Amino acid sequence: MLTRYSQAQLVVGRSRTCGLVFGGDGVSRRHAGFERVDGQWNVTDLDSTNGTYVDGVQVQRAPIKTGSRVRLGDSILDVV
């Protein structure tokens with residue numbers, strides 16, 4: 001269940017309750033959320049232990065676009 005986040009958000013993390021289960025090193029149970037708002041994709045850190053980074057910068061919430069690299073813990077997701 002999502003509490004303080006949009007129901008349209010895709011939650012990524014190690015928990016089987018996430019929309020995308022991702023078990024990389026350093027990934028929290030509910031690590032980050034991805035959502036589209038007004039035509040723009042955003043990533044939000046969900047109080048993870050090891051942080052969420054976009055293009056090498058730690059973020060709490062940030063826009064992402066094609067070509068962005070999102071790091072969750074020690075794992076990198078390339079946005080295509």
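Visitor: How many helices and strands are in the protein chain?
Guide: This is a predicted model, and its protein chain has zero helices and nine strands. Read along the sequence, the pattern is β-β-β-β-β-β-β-β-β.

Visitor: Okay, and what order do the strands take in the open sheet?
Guide: Five strands form the open sheet, in the order E2-E1-E3-E4-E7, and the pairing is mixed.

Visitor: Which ones are the edge strands?
Guide: Strand E2 (20–21) and strand E7 (61–64) are the edges, and each pairs on one side only.

Visitor: You said mixed. Do E1 and E2 pair in the parallel or the antiparallel sense?
Guide: E1 and E2 are parallel, with two bridges between them. Glycine 13, for instance, has valine 21 in E2 as its bridge partner.

Visitor: And how many bridges join E1 to E3?
Guide: Three, and there the two strands run antiparallel. Valine 11 stands opposite glycine 33 in E3, while valine 12 has alanine 32 as its bridge partner.

Visitor: Keep going across the sheet. How many bridges join E3 to E4?
Guide: Six bridges join E3 to E4, again antiparallel. Among the facing residues, glycine 33 stands opposite threonine 44 in E4, so to speak of glycine 33 is to speak of two neighbours: valine 11 faces that glycine too.Visitor: What is the bridge partner of valine 37 in E4?
Guide: Glutamine 40 is the partner of valine 37. E3 and E4 form a hairpin with two residues between the strands.

Visitor: Which residue in that hairpin takes a positive phi?
Guide: Aspartate 38 does, with a phi near 50 degrees.

Visitor: Now the other side of E4. How many bridges join E4 to E7?
Guide: Four bridges link strand E4 (residues 40–45) to E7, and the two run antiparallel. Asparagine 42 has proline 63 as its bridge partner in E7, and tryptophan 41 stands opposite isoleucine 64.

Visitor: Changing topic: which residues line the largest pocket?
Guide: The lining is made of Leu10, Val12, Leu20, Phe34, Trp41, Ile64, Leu77, Asp78 and Val79. Trp41 and Ile64 are on that list, and they are also the pair that stand opposite each other across E4 and E7.

Visitor: How much space lies in that pocket?
Guide: About 170 Å³.

Visitor: Which strands each supply at least two residues of the lining?
Guide: Strand E1 (10–13) and strand E9 (75–78) do.

Visitor: What does the lining look like by class?
Guide: Eight residues are nonpolar, none is polar and one is charged.

Visitor: What about rings? How many aromatic pairs does a search of the whole structure find?
Guide: Zero aromatic pairs turn up in the whole structure.

Visitor: Then what sits over the ring of tyrosine 53?
Guide: The charged end of arginine 71 sits there, 3.9 Å from the centre of the ring.

Visitor: Last topic, overall size. What does the C-alpha trace span along its principal axes?
Guide: The trace of the protein chain spans about 25 × 25 × 20 Å.

Visitor: And what radius of gyration would a compact globule with 80 residues have?
Guide: A compact globule of 80 residues would have a radius of gyration near 12 Å, and the protein chain has 11 Å, which agrees.

How values were computed:
Residues are numbered from 1 along each chain as its sequence is written. This is a predicted model: local features need pLDDT of at least 70, side-chain atom pairs count only at pLDDT 80 or more; totals for chains, interfaces and linings use all residues. Side-chain values use heavy atoms; hydrogens and water are left out. Rings of Phe, Tyr and Trp (its six-membered ring) pair if their centres lie within 6.5 Å; planes under 30 degrees apart count as stacked, over 60 as edge-to-face and the rest as tilted. A charge sits over a ring if NZ of Lys or CZ of Arg is within 6 Å of the ring centre and within 35 degrees of the ring normal. On a 1 Å grid over the protein atoms alone, a cavity is a set of points where a 1.4 Å probe fits but cannot get out, and a pocket is an open set with protein on both sides within 12 Å along at least five of seven lines; lining residues have an atom within 4 Å of a point. Grid points are joined across faces, edges and corners, and a volume is the space filled by probe spheres set on the points. Ala, Val, Leu, Ile, Met, Phe, Trp, Tyr, Cys and Pro count as nonpolar, Asp, Glu, Lys and Arg as charged, and the others, Gly among them, as polar. Two strands pair if DSSP finds at least two bridges between them. The radius of gyration is taken over C-alpha atoms; the globule rule is 2.2 Å times the number of residues to the power 0.38.
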